[in-house]
Amino acid sequence: MKAAVLHAVNEPLTIEEVALQKPKAREVLVRTAYAGLCHSDLHFIEGLYPHPLPLVPGHEVAGVVEAVGSDVTYLQPGDHVIGCLSVFCGACQQCTSGRTVLCENTEVKMVPGQSRRLSWKGGEVMNQFLNLSAFAEQMLVHENALVKIDREVPLDRATLVGCGVITGVGAVINTARIPAGSTVAVIGCGGVGLSAVNGAALAGASRIIALDTLPEKLATAREMGATDTVLVGNDDPVEAVRALTNGGVEYSFEALGLKKTAEQSFAMLRPGGTATIIGMVPFGQKIELHGFDFLRERRIQGSSMGSNHFRTDMPRLLTLWQQGKLKLDHLISNTLRLDEINEGFARLKTGHVVRQLIAF
């Protein structure tokens with residue numbers, strides 16, 4: 001099969017012939033339909049997060065089951081599925097306490113460099129990325145990395161739910177659990193941030209302030225449910241949010257993964273407020289906060305993939321899309337071929353696109 005391969009950080013991906021093993025026990029072979037270009041992929045491509053190389057990146061994905069290994073009962077050939085990096089075992093302490101997104105079973109949720117599902121050059125190891133490796137014509141994954149969906153749902157829309165949408169909406173509804181009537185600020189209006197805006201609207205927030213440096217992103221945020229927008233430039237975004245809300249918001253969401261914006265998300269809280277960091281702050285980087293602010297019961301927390309229970313959450317989100325409540329169409333900027341992937345990532349770096357999908 002053809003796959004996009006990363007050989008060295010900050011180098012272009014190359015299109016290579018990569019081989020897959022046949023499905024073993026509890027493994028599923030999927031024909032990839034669409035894969036989204038996500039900033040999380042860029043973090044690894046640019047070396048901000050470490051991973052053994054060479055590897056096939058990609059993790060936001062949907063496709064069709066082609067074959068299943070032994071002991072697979074949940075899926076069969078022909079099923080339409082979404083992949084999720086939150087693969088779970090269902091038996092460890094995290095899973096049995098309801099936090100499947102934090103599964104600790106490394107036989108199922110394999111650590112980087114452990115998988116031997118991919119190979120190239122007649123047998124050399126090709127590393128699998130986040131137990132998925134979506135930038136390829138096929139994927140071989142554990143059955144618990146997949147959720148079966150309604151075949152009536154277009155697979156391009158389903159792909160969006162696999163990472164950006166579940167991460168943004170889930171951070172609002174699952175992680176922060178905002179109550180109706182809340183005041184909310186979302187920093188960064190890419191795919192994840194716009195989904196957080198949409199999630200806040202779905203949850204009944206009374207005020208949703210979207211912040212970004214690009215006017216077109218803020219216009220899209222309005223369509224997703226933002227009640228107010230702040231164009232970040234010369235003005236202090238923290239002071240702008242405080243002025244709009246008479247002292248700060250009850251909930252803030254940081255969707256860029258930057259030290260500065262993580263600190264700003266905490267600073268724009270009113271007393272008793274909660275900041276949720278969704279973005280991937282570069283590995284090893286620290287953020288600094290004023291200790292006094294904690295005396296006013298301000299909180300800061302992380303969110304991993306929207307604290308999802310993806311086999312429950314993703315079908316529900318797609319039902320909301322079918323009902324016209326969840327907005328997915330606004331997120332797709334364009335589609336491209338696999339051999340156009342480097343141009344796609346170059347556009348992603350400019351910030352002027354939301355989600356680009358590779359169509360296989």
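User: How are helices and strands assigned and numbered here?

Analyst: Helices (H or I, at least four residues) and strands (E, at least two) are DSSP runs, numbered from the N terminus. The protein chain has 9 helices and 19 strands. This is a predicted model: local features need pLDDT of at least 70, side-chain atom pairs count only at pLDDT 80 or more, and totals for chains, interfaces and linings use all residues. Residues are numbered from 1 along each chain as its sequence is written, and side-chain values use heavy atoms, with hydrogens and water left out.

User: What does the radius of gyration say about the protein chain?

Analyst: The radius is taken over C-alpha atoms; the globule rule is 2.2 Å times the number of residues to the power 0.38. Here the radius is 20 Å, close to the 21 Å from the rule for 360 residues, so the chain is as compact as a globular protein of that length. Its C-alpha trace spans about 65 × 40 × 40 Å along the principal axes.

User: How do I read burial, and is Q94 buried or exposed?

Analyst: Buried means under 20% relative accessible area, exposed over 50%, partly exposed in between (1.4 Å probe, protein chains only). Buried residues make up 54% of the 360 in the protein chain. Q94 is buried, at 18%. Q94 sits in helix α2, residues 93–96.

User: Which residues does Q94 contact, leaving aside neighbours within four places in sequence?

Analyst: Contact means heavy atoms within 4.5 Å. Q94 touches R99, T100, L102, C103 and E104. Chain-wide, of the contacts with a separation of 6 or more, 70% join residues 24 or more positions apart.
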